[in-house]
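Here is a guided walk through one protein model, written for someone who thinks at the bench. Please keep the viewer open while you read.

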Amino acid sequence: MRTRTLLPSLLMLGTLAVTAACSSGSDGSSASSGARPGANPSPSPVRSVDPSKIKGLEIVSDSSEQSSCPYAASYPDVPGAEAMTATMKKDVEKRLADFRSQVCEGGEGDAEAREFNISYQFLVASGDVLGVRLTTQDASGAGSGVTTRTYWYDGKAGEYRTALGLVADGSQDAFVAALKDRLEGREGVDAAALDDLFSDPASRASVLDGMDFTAVGSLRVTFDRGDVGAPAAGSYLVTLPKKTITPWLSAFGKRVQRQTVKPSGSLDLGAAHVPEPAVPTHTASGDDDTDCKKVKCIALTFDDGPAAPDTATLLTYLAQYKARATFFTVGQNVAAHPGLVRAEARAGHEVGNHSWNHPDLTKLTPEQIASQLGRTSAAIKAATGKTPTVFRPPYGAIDDKVRAATRLSPVLWDVDTEDWKYRDAAKVAQTVIGKTQRNNVVLMHDIHPTSVAAVPQILRTLTAQGYHFVTVSHLRATL
Ligand code: NI
C-alpha cells in the first residue's frame with residue numbers, strides 16, 4: 001500500500017517522498033537533500049557535488065525561530081549565474097510570502113500542520129554548467145507536501161535554462177511519449193489526463209520542472225504529488241536510460257550529462273568578478289579562564305549560519321572585544337562554508353548543531369532526527385576536527401522523542417531578540433542591551449547583516465557594564 005508512507009514522507013525534510021511512490025527502485029531519497037559524498041547506497045546514484053569548491057558561493061537564507069510561524073528557506077547564489085539566482089529568488093520569495101501571509105500574519109489554522117521549508121542541493125557544478133534542485137516542503141497549503149524543481153545555468157550561452165531546456169525542442173514530443181509510456185499503468189496515474197497535460201506547452205513546462213542526470217547519464221524526471229495522478233498516490237519518478245535519452249537531449253543537455261557523468265572539476269560560468277572568500281584568521285589565546293561564579297557572564301549565540309560574508313564580519317567584531325560566542329550551525333551551510341566554521345572554532349568559539357536543514361524535529365521520526373543531527377555533526381567534525389556536544393532544536397521545538405534520539409545536549413535561550421523579524425541593527429542592539437541579565441543565553445542569527453551590525457554596540461556597552469562573553473558550554477561548566 002503505497003499511501004502508508006505518505007504522511008511520514010511529507011514530514012521528512014531530509015528525504016524526498018518520491019521513493020514512497022516509485023516501483024522502479026530508482027534512487028531519489030538521500031540524493032535529494034545534499035547527500036554526503038559516498039553515503040548514497042542507491043544502484044544509480046546521483047553524483048554529489050562538494051559546494052565548498054564553488055568559488056564565491058553565497059547561500060541566501062531566511063528563517064524564523066518561532067514555532068507559531070516556522071519557516072526556513074535557502075538557495076545558492078553562484079557568481080556568474082545571476083539569471084538563475086534571480087529565478088530561484090523569485091520562486092522562493094513568492095512561496096515564502098504566501099506562507100507568511102497565510103500562517104504567520106493570519107494566525108489561523110492548525111499549528112501542528114504549519115511548517116515551511118526550502119532546501120537546496122547542487123546537481124552539477126562543473127565546466128560551464130550549473131544545476132540546483134530546490135526541495136520545498138509546505139505543510140500549510142492545499143495538496144501540501146514535498147515539491148521539487150531543478151534550475152539550470154548555461155555558462156557558455158550566459159543563460160538560465162529550465163529543466164525542459166535539457167531536451168531538444170524537436171525531440172520533445174518523442175520524449176514526452178516515452179514518459180507517458182512509463183507512467184501509464186502505474187497505480188494512481190490519471191492516464192486520460194496525461195495527453196492534455198503534455199500537449200499544452202504551459203502545463204508541460206510546469207509539470208516537467210524537475211529533472212537531473214544520474215552518475216551513469218540516465219535522466220530522472222520527478223513528478224510532484226498530484227501532478228500526474230491522484231494526490232493520494234504521491235509522487236513519481238521516471239528514469240530514462242542513457243541510451244534512450246541521449247539522442248533527445250539539447251546541446252546544453254548533452255553538456256550537463258557529460259559534466260554529471262565525468263565532471264571536469266572546476267566550475268567556470270564566465271563571471272566577471274569572483275570575490276575571494278573572506279575567512280578571518282583570529283586564533284584564541286588559550287583556554288577561557290573566565291569564572292562565571294565570580295564575574296557577570298553572557299552567552300551570545302548565533303544561529304542558522306555560517307553565511308558569507310556576514311559570519312566573517314561577525315568573527316572580526318568578536319575578536320576586537322576578545323568575546324567568545326556559540327554558533328548553532330545548519331549542516332547544509334557548514335558543507336558550503338567549512339572554512340568559516342573552522343575559523344569559528346580556531347577563534348575559540350563553540351560550534352553547535354542546529355540540524356541539517358532546519359526542520360521542526362518534533363515532527364520527524366527518531367531515525368530522521370538522528371540523521372538531521374548526525375549529518376550536521378559529521379560536517380562540523382570534518383570542518384573543525386571536533387564533534388559538537390550541544391544542539392539547538394530549530395524553533396526551540398523539543399520533546400522527549402527528540403531528546404532520546406541524540407546524545408547532544410539541547411540549548412534553548414533566555415533572551416529572544418527576534419532579529420529574524422526586525423531587520424534593524426539599532427533595535428537588535430537595544431533588545432540585547434535592555435533585556436539581558438547575568439548568565440543569560442541570547443538568541444541571534446548571523447545570517448542577517450543587521451544582526452551582525454548590532455554586535456559592536458552590544459559588545460561595547462555590555463563590556464563597559466562588566467560583562468564577559470563566554471560560550472554556552474563554558475557558562476554551563478563554570479556555574
Ligand atoms: Ni534557526
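The report below starts at the metal site, moves on to the backbone and the sheets, and ends with the salt bridges.

Please bear in mind that this is a predicted model.

## The nickel site

A good place to begin is the metal. The nickel ion is held by two OE contacts from E65, an OD atom of D304, and the NE2 atoms of H354 and H358. These contacts span 1.9 to 2.6 Å. Read along the chain, the donors follow the spacing E-x238-D-x49-H-x3-H. Within that set, D304 and H354 bring distant parts of the chain together, as they are 50 residues apart. D304 sits in the loop between β10 (296-303) and α9 (310-320), while H354 belongs to the loop between β12 (350-353) and α12 (366-384).

Are these donors buried or exposed? D304 is buried, with a relative accessible area of 3%, and H354 is buried too, at 0%. H358 also counts as buried because its relative accessibility is 3%, under the 20% cut-off.

## Backbone details worth a look

H358 has another feature to check in the viewer: its phi is near 70°, a positive value in a residue other than glycine. H358 is found in the loop between β12 and α12. E418 also has a positive phi, of about 50°, although it is not a glycine. You will find E418 in the loop between β15 (415-416) and α14 (425-435).

The loop between β10 and α9, where D304 lies, has something to offer as well. G305 and P306 are joined by a cis peptide bond with omega of about 0°, and P306 lies in this loop. Further along, the bond from A308 to P309 is cis, with omega near 5°; P309 is placed in the loop between β10 and α9.

## Sheets and the helices on them

Next comes an open sheet of six strands in the order β1-β2-β3-β4-β5-β6, with mixed pairing. Its edges are β1 (58-63) and β6 (159-161), each of which pairs on one side only. From one strand to the next, the twist averages 20°.

Inside this sheet, β2 (residues 71-77) and β3 (residues 116-126) run parallel and are joined by three bridges. To see one of the partners, look at A72, which is matched with N117 in β3.

Two helices can be followed across the strands. Helix α3 (residues 82-105) lies across β1, β2, β3, β4 (129-138), β5 (145-154) and β6, and runs at about 175° to β2. Helix α8 (residues 251-261) packs on the sheet and touches β3, β4, β5 and β6, its direction making about 105° with that of β5.

Strand β12, just ahead of the loop that holds H354, is covered on both faces. E350 and G352 on one side are buried, as are V351 and N353 on the other. Strand β12 pairs in the parallel sense with β11 (residues 326-329) over four bridges, and F328 stands opposite G352.

## Salt bridges

Side chains of opposite charge can pair when their charged atoms come close. A search of the whole structure finds 21 salt bridges, and the table lists some of them.

| Pair | Closest N and O atoms |
|---|---|
| D62 and R423 | 2.9 Å |
| K89 and E93 | 3.0 Å |
| R161 and E159 | 3.1 Å |

What does the D62 and R423 pair tie together? D62 lies in strand β1 and R423 in the loop between β15 and α14, so this bridge links parts that are 361 residues apart in sequence. D62 is buried, with a relative accessible area of 17%, whereas R423 is partly exposed at 39%.

The K89 and E93 bridge is set within helix α3: the two residues are four apart, which means they are separated by about one helical turn. Both are partly exposed, K89 at 38% relative accessibility and E93 at 41%.

R161 and E159 are partly exposed as well, at 21% and 40% respectively. R161 and E159 also belong to a network of salt bridges that includes D128, D154 and R255.

Key. Residues are numbered from 1 along each chain as its sequence is written. This is a predicted model: local features need pLDDT of at least 70, side-chain atom pairs count only at pLDDT 80 or more; totals for chains, interfaces and linings use all residues. Side-chain values use heavy atoms; hydrogens and water are left out. Donors are N, O and S atoms within 2.8 Å of the metal (3.2 Å for Na, K and Ca); water is not among the atoms, so sites may look incomplete. Buried means under 20% relative accessible area, exposed over 50%, partly exposed in between (1.4 Å probe, protein chains only). Two strands pair if DSSP finds at least two bridges between them. Axes are lines fitted to C-alpha atoms, for helices over the stretch in contact, and angles run from 0 to 180 degrees between N-to-C directions. Contact means heavy atoms within 4.5 Å. A salt bridge is a side-chain nitrogen of Lys or Arg within 4 Å of a carboxyl oxygen of Asp or Glu.
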